[in-house]
Amino acid sequence: MKLFSTFAAITLLSSSVMSVSSFAGEKTMITMGGNPVALEGRIPKINTVAPLFTVVDEKFNPVSLSDFKGKTVLISAVPSLDTGVCALQTKRFNKEFTQYDADVVMLTISEDLPFAQKRFCQTENVDKIKVLSDSVWRDFGEKYGLLIKDRGLLARSIFIIDPQGILKYQELVTEVSEHPDYDAALAALTEISSAAK
């Protein structure tokens, strides 16, 4: 029953992402404060190979998705750690991380500079998940279709990639100021990481 409910949640969230995704040639649209904004690029589809990307850590060292090969990876994308919802989202995943083993990796990615991310992590005691910056190349934002046009920010979203590198779960939050569905994401993470064992 649990497997079915998790699968249903993944299916429903996949459908909700598709409802805001582009038709041929059209941009994916979300809202910021109720105002429509376009996203650059295309959001990858469920059950396809997750696009590889490179971001940087607090010391500007490159970190690539391929560095986590063989692990289940949850990516929490946020617009900016300097905002309340983004801070809460990052702290929530940092807190939840303790219930998973070493085969699970949680990443928070934003366009914030590494200096700002480091300061945030120290101030808020975010020390379990990896907080990474897409500010250098915007490689993640472009490959995952999350760059908010003319804002230099990422759309709020969650992705889960299995140990084989297949994208198994995604949620694009259609209003930037709202929270993602934490319970659905964590249930999916538990199911996907357990299935990999």
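**Salt bridges, a central strand and a surface patch**

Let me begin with one side chain, K91, which counts as partly exposed because its relative accessibility is 30%, where buried means under 20% relative accessible area, exposed means over 50%, and partly exposed covers what lies in between, computed with a 1.4 Å probe and protein chains only. What you see above is a predicted model, in which local features need pLDDT of at least 70 and side-chain atom pairs count only at pLDDT 80 or more, while totals for chains, interfaces and linings use all residues. Residues are numbered from 1 along each chain as its sequence is written, and side-chain values use heavy atoms, with hydrogens and water left out.

First, the general outline. The protein has five helices and eleven strands, these being DSSP runs numbered from the N terminus, with helices (H or I) of at least four residues and strands (E) of at least two. Of its 197 residues, 50% count as buried. About 9600 Å² is exposed by the protein, and carbon and sulfur atoms supply 56% of that area, as computed by the Shrake-Rupley method with a 1.4 Å probe, where for residues only the protein chains shown count as cover. If we take the contacts with a separation of 6 or more, residues 24 or more positions apart account for 66% of them, a contact meaning heavy atoms within 4.5 Å.

Now back to K91, and to its partner. K91 forms a salt bridge with E124, and the closest N and O atoms are 3.1 Å apart; by a salt bridge I mean a side-chain nitrogen of Lys or Arg within 4 Å of a carboxyl oxygen of Asp or Glu. This pair links distant parts of the chain, since K91 sits in helix α2 and E124 in helix α3, 33 residues apart. E124, at 31% relative accessibility, is also partly exposed. By this rule the count of salt bridges comes to nine.

Another salt bridge belongs to helix α2, where the side chains of E96 and R92 meet at 2.9 Å, N to O. Both residues lie in that helix, four residues apart, about one turn of it. Of the two, E96 counts as buried at 17% relative accessibility, whereas R92 counts as partly exposed at 25%. Elsewhere, salt bridges that share partners join K27, E40 and K149 into one network. Within that network, the side chains of E40 and K149 meet at 3.6 Å, N to O, and because E40 lies in strand β2 and K149 in the loop between β8 and β9 (153-154), the pair ties together parts that are 109 residues apart in sequence.

Let me turn to strand β6. Seven of its seven residues are buried, so β6 is largely enclosed by the rest of the structure. V104, M106, T108 and S110 point one way from the strand, while V105, L107 and I109 point the other way. Which strands, then, pair with β6? Strand β5 (residues 72-77) runs parallel to β6 and is joined to it by six bridges, and L74 has M106 in β6 as its bridge partner; pairing here requires that DSSP finds at least two bridges between two strands. From β5 the chain crosses through helix α2 (residues 84-96) to β6, and this β-α-β crossover is right-handed, meaning that, with the strands pointing away from the viewer, the path from the first strand over the helix to the second runs clockwise. Strand β7 (residues 130-133) also pairs with β6 in the parallel sense, over four bridges, with L132 in β7 as the bridge partner of I109. Here again the chain makes a right-handed β-α-β crossover, going from β6 through α3 to β7.

S110, in strand β6, has a relative accessible area of 0%. Not counting residues up to four places away in sequence, S110 touches several residues, including V78, P79, L132 and L154. The C-alpha atoms of S110 and R138 are separated by 9.5 Å, although the two residues are 28 apart along the chain.

Finally, the surface. F60, L113, F115, V136 and W137 make a nonpolar patch of about 510 Å², where patches are made of residues with over 30% relative accessible area and no salt bridge, like charges being joined within 9 Å and nonpolar side chains (Val, Leu, Ile, Met, Phe, Trp, Tyr) within 5 Å. One of these, L113, lies in the loop between β6 (104-110) and α3 (114-124), and is partly exposed, with a relative accessible area of 48%.
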